[in-house]
Amino acid sequence: MGEHRIQLDTPLPLPCGATLPNRLGKSAMTEGCADHLGRATADHERLYRLWGRGGTGLLITGNIQVDRRSLERPGNVRIEGPQDAEQMRRLSAMAEAGQENGAHVWAQIGHAGRQAPAGACPEPVAPSSVPLKMLRWQQQAPRALREDEIENIIWRFGNAARVAKEAGFRGVQVHGAHGYLISEFLSPRVNQRTDKWGGDLKARARFLLEVIRTIRAAVGPDYPVGLKLNSADFQKGGFSHEDSMQVVEWLNHEGLDLLELTGGTYEHLSLLGVKVDNQFEREPPRASTAAREAYFAVYAAEARGIAKMPVMSTGGFRRRESMIGALNDGTCDLVGLARPLCVDPDISAKLIRGDVDETSVYEHTTALSEAEKQNLLPDEIQTATVLGQQAFFFMTLYDMAEGRLPHVNRTLPGAQAELVAREDLITRNLI
Ligand SMILES: Cc1cc2nc3c(=O)[nH]c(=O)nc-3n(C[C@H](O)[C@H](O)[C@H](O)COP(=O)(O)O)c2cc1C
């Protein structure tokens, strides 16, 4: 490995002056552990302490919501308005638990927009009233936001960042990807507004840019502000790759510290590697070993050619060789990991030491039973498998948060049943 300049434990300086301890970042994962008031709990503390000891340099939290009316999931942490002393104490405990061994914990801040679960969010909102095409999720068409509500949500993002900083998080990341509100504003499919918030790409990007500016003004110049952005939605007439690269150029003037590249929406689950409609049509550059497994690496590399801020690539990284390769061949400055950290919180330390060549995940070994598959079309099998696996990882996160070892022998239907029961309970307590 001597020929590689950058190793997994090479620190990463950020434009604002902070330095991340190494090149492995935990990508955001919604924990679902908040209490009925949206406050952080002892479960968050336990989970972040575990990850903080595991060698990952940057720990991005699951998305913290800025509005209780638009949750991404029941059990989200919420930061709305000024926080009471108890919530501040709990947020601080969560940040400190993750940071006591030198990792940086960043709060991911988001608004679910139309991708809000029906039970917990009776009136979903979006830039325009375009319904989500995803069964069993939000059947109701979202209500188009009024302009005063848009201004209010921008304020809420700034407020949440200020609170996160005060609570001791060492940075924030804006969730601008995966079909949630910011991503909906960027998409011409979902944003059909004719006022200043919709129209051409510049107008559709206004909401994102205003959010970033408001946050920067709230936290000052020396505090890390990151963004998770889709490299594309991979949907016809959606936010395209060309759009994404243009937005990256505009972001160069906004004082961002880290740009995480991902892709897809709930309507198109490429974020988790589901391959439909040939969305991964771009040919990986021959030099890139990462692109064979890390499905957005080729897009990250392109963004990195434009971006003035460091780039993080997330999605599919599993082999140590690919990670080191990506850090040295111009693909990215930071490697993002999510699912591997659901089953092994210490995986980063093992990768850094060279104890393992790859991460163990169960996404390839967990499958639907033959009986479960019987009434499904091939496409539906893939989506059902991915959603079942998602439930599997949600449940292993609960295991760790509650002090158990991750139980990796669950079946997908078993994981789903457990998850549904839990979320029903949380939703009932919310209302
Ligand atoms: C259990 C779970 C929860 C997730 N929650 C979030 C989230 O809150 N915010 C976000 O931006 N992405 C979320 N994601 C997506 C991941 O951050 C990441 O982009 C994706 O899992 C691909 O990375 P991987 O192949 O290393 O798992 C989640 C993924 C999983 C598996």
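A helix here is a DSSP run of H or I with at least four residues, numbered from the N terminus. With that rule I opened this notebook on a predicted model.

**Entry 1. The ligand and its shell**

I first looked up which helix gives the most to the shell around the ligand. Helix 13, residues 378-401, does so, with three residues. I then listed the surroundings of the ligand: 24 residues lie around it, and A28, N63, G316, R318 and R339 come nearest. I sorted the shell by residue type and obtained ten nonpolar, eleven polar and three charged residues.

Next I asked where the ligand lies with respect to domain 1 and domain 2. Domain 1 spans 12-361 and domain 2 spans 365-431; both give residues to the shell, so the ligand lies between them.

**Entry 2. Polar contacts of the ligand**

I examined the N and O atoms of the ligand one contact at a time. At S27, a polar side-chain atom lies 3.0 Å from an oxygen atom of the ligand. At A28, the partner is a polar backbone atom, and an oxygen atom of the ligand is 2.7 Å from it. At Q108, an N or O atom of the side chain is 2.9 Å from a nitrogen atom of the ligand. I also noted how much of the ligand is covered: taken alone it exposes 610 Å², of which the protein buries 97%.

**Entry 3. Cysteines**

I asked how many disulfides the model holds, and the count comes to zero. The rule requires two cysteine sulfur atoms within 2.5 Å. For C33, the closest cysteine sulfur is in C342, at 12 Å, and is therefore too far for a bond. For C121, the closest cysteine sulfur is that of C33, at 18 Å, which is again too far for a bond. I recorded the accessibility of these two residues as well. C33 counts as buried because its relative accessibility is 6%, and C121 counts as buried at 0%.

**Entry 4. D344**

I located D344 in the loop between helix 10 (340-343) and helix 11 (347-353). Is D344 buried or exposed? Its relative accessibility is 11%, so it counts as buried. The side chain of D344 reaches the backbone nitrogen of D346 at 3.0 Å. I also checked D344 against P406: the two are 62 residues apart in sequence, and their C-alpha atoms are 7.9 Å apart in space.

**Entry 5. Helix 3: E147 and R156**

I turned to helix 3, residues 147-167, in which R156 is found. R156 has a relative accessibility of 14% and therefore counts as buried. A polar atom of the R156 side chain lies 2.7 Å from the backbone oxygen of V66.

E147 lies in helix 3 too. Its relative accessible area is 35%, so I entered E147 as partly exposed. I computed its separation from K196: 49 residues in sequence and 9.3 Å in space, C-alpha to C-alpha.

**Entry 6. H44**

I placed H44 in helix 1, residues 42-52. H44 is buried, because its relative accessible area is 0%. I then compared H44 with L20, 24 residues away along the chain, and found the C-alpha atoms separated by 22 Å.

Definitions and conventions:
Residues are numbered from 1 along each chain as its sequence is written. This is a predicted model: local features need pLDDT of at least 70, side-chain atom pairs count only at pLDDT 80 or more; totals for chains, interfaces and linings use all residues. Side-chain values use heavy atoms; hydrogens and water are left out. Helices (H or I, at least four residues) and strands (E, at least two) are DSSP runs, numbered from the N terminus. Buried means under 20% relative accessible area, exposed over 50%, partly exposed in between (1.4 Å probe, protein chains only). A polar contact is a pair of N or O atoms within 3.5 Å; within protein, one must be able to donate a hydrogen and the other to accept it, and residues adjacent in sequence count only if both atoms are side-chain atoms. A residue is near a molecule or strand if one of its heavy atoms lies within 4 Å of it. Accessible areas come from the Shrake-Rupley method with a 1.4 Å probe; for residues, only the protein chains shown count as cover. Ala, Val, Leu, Ile, Met, Phe, Trp, Tyr, Cys and Pro count as nonpolar, Asp, Glu, Lys and Arg as charged, and the others, Gly among them, as polar. Domain bounds come from an automatic or database domain assignment.
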